[in-house]
Amino acid sequence: MTSAAKPLQKAELKKRILGVCKNALKDLRRVLYFNTLYVPFAKKKHANINKLTQRSQKHTYTAFNRSPGQLDALCGPVMEVLRGLDQGSTLQINILAGSIGAEAYTVSSTLASRFPNLSFHIHCCDLHEETIARSKSGRYTKQEVHGLGVTDTFINKTFNRENNEYFVKPELKEKITFFPANIVTDDLEAMYPKADIVLMQNVLFHLDDEQAEQAFENGLKTAKESSVVFIDGMSLDMRGKLVERNKMVPLNYRVKEIHEYARRHVPDDWWKYYYGMEPYSFLTSNKLNRYSTIFVRRV
Ligand SMILES: C[S@@+](CC[C@H](N)C(=O)[O-])C[C@H]1O[C@@H](n2cnc3c(N)ncnc32)[C@H](O)[C@@H]1O
């Protein structure tokens, strides 16, 4: 080793240690301050933002593998619950507001990979003709595919690659029917088959309260009497109220982890966005109903 290399290595080491310390301090600040002391103020600010901000149904942000914890739940306890019900030979999954198809293709790929002999079909709607056209094409850019929690294994199982484009494998595509629908005003019960699993995720917080409640009840009508419902991305107060009203039972599975992971798709200063969500709080009395995103329904 040359004598010039030694000071360089030392400087690099110092830079790295400083970097680690800075990140640790940032985490500490987040946990001690933003996730605890600041929360009551942040909740007030968030409530105000909710009152003042106009919702947008044009917000189409989505991601492949958006919630790895939910996918583990789907393949584990959710399948266990449904197996116990013995509902028929083909598992029916209804996705409401699936944007450009990432959610439906993620579910299709995950189920096909984990249960190669499972017969299933997915029906998925969205409001806009463009998002439905994108979904049907099954064709994505590198930027759309790569993201938080998207592994090479998932990519290889889901897509064929040509140049810099990603094409969903035909055997996964054929398991999905995409169609346009308005989940607030359309008669979803007539448009969807009855499902074992319904997903209405990250859409209800883009609707006014009245519309969100209407969409929730409308979506629920597409579920079988015994079924499992995934509902992330909505007002936590409203979720608590609606699941109680509909006698839905929260699935007690990695609730905190799934809630906190969902928050990673929203900026850290969540209180500035109507679609932001408070951090998980152990002090909340109805934690399971408030933070769970998966509910079992038995009518
Ligand atoms: C933020 S994206 C969420 C997509 C996906 N569910 C996910 O979790 O990644 C919200 C989607 O809801 C759709 N949407 C908004 N209002 C709707 C409505 N009234 N009926 C159907 N889809 C709607 C938007 O077009 C958009 O694609």
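## Ligand contacts

A polar side-chain atom of Thr62 sits 2.6 Å from an oxygen atom of the ligand in this predicted model. That distance falls within the 3.5 Å cut-off for a polar contact. Two further contacts involve nitrogen atoms of the ligand. Gln57 places a polar side-chain atom 3.0 Å from a ligand nitrogen. Ala97 uses its backbone instead: an N or O atom there lies 2.8 Å from a nitrogen atom of the ligand.

The protein buries 99% of the 600 Å² that the ligand exposes when taken alone.

## The surrounding shell

The ligand has 20 residues around it. Those that come nearest are Thr62, Ala97, Glu103, Asp126 and Asn202. By class, the shell divides into 10 polar, 7 nonpolar and 3 charged residues.

Which pocket does the ligand take up? The ligand fills space belonging to the largest pocket.

## Aromatic pairs

The structure contains 16 aromatic pairs. One of them joins Tyr140 and Phe159. Their ring centres are 6.3 Å apart, and the planes meet at 80°. The angle is over 60 degrees, and the pair is edge-to-face.

This pair connects distant parts of the chain. Tyr140 belongs to strand β3, residues 139–141. Phe159 belongs to strand β4, residues 159–162. The two residues are 19 apart along the chain.

Technical notes:
Residues numbered from 1 in each chain as written. Predicted model: local features only at pLDDT ≥ 70, side-chain atom pairs only at ≥ 80, totals over all residues. Heavy atoms only, no water. Near = heavy atom within 4 Å. Polar contact = N/O pair within 3.5 Å; in protein donor to acceptor, adjacent residues only side chain to side chain. Areas by Shrake-Rupley, 256 points an atom, 1.4 Å probe, with all protein chains shown as cover. 1 Å grid on protein atoms, 1.4 Å probe; cavity = no way out; pocket = protein on both sides within 12 Å on 5 of 7 lines; lining within 4 Å. Sits in = over half its atoms within 2 Å of the grid points. Nonpolar A, V, L, I, M, F, W, Y, C, P; charged D, E, K, R; others polar. Phe/Tyr/Trp six-rings, centres within 6.5 Å; stacked < 30°, edge-to-face > 60°. Helix = DSSP H or I, 4+ residues; strand = E, 2+ residues; numbered from the N terminus.
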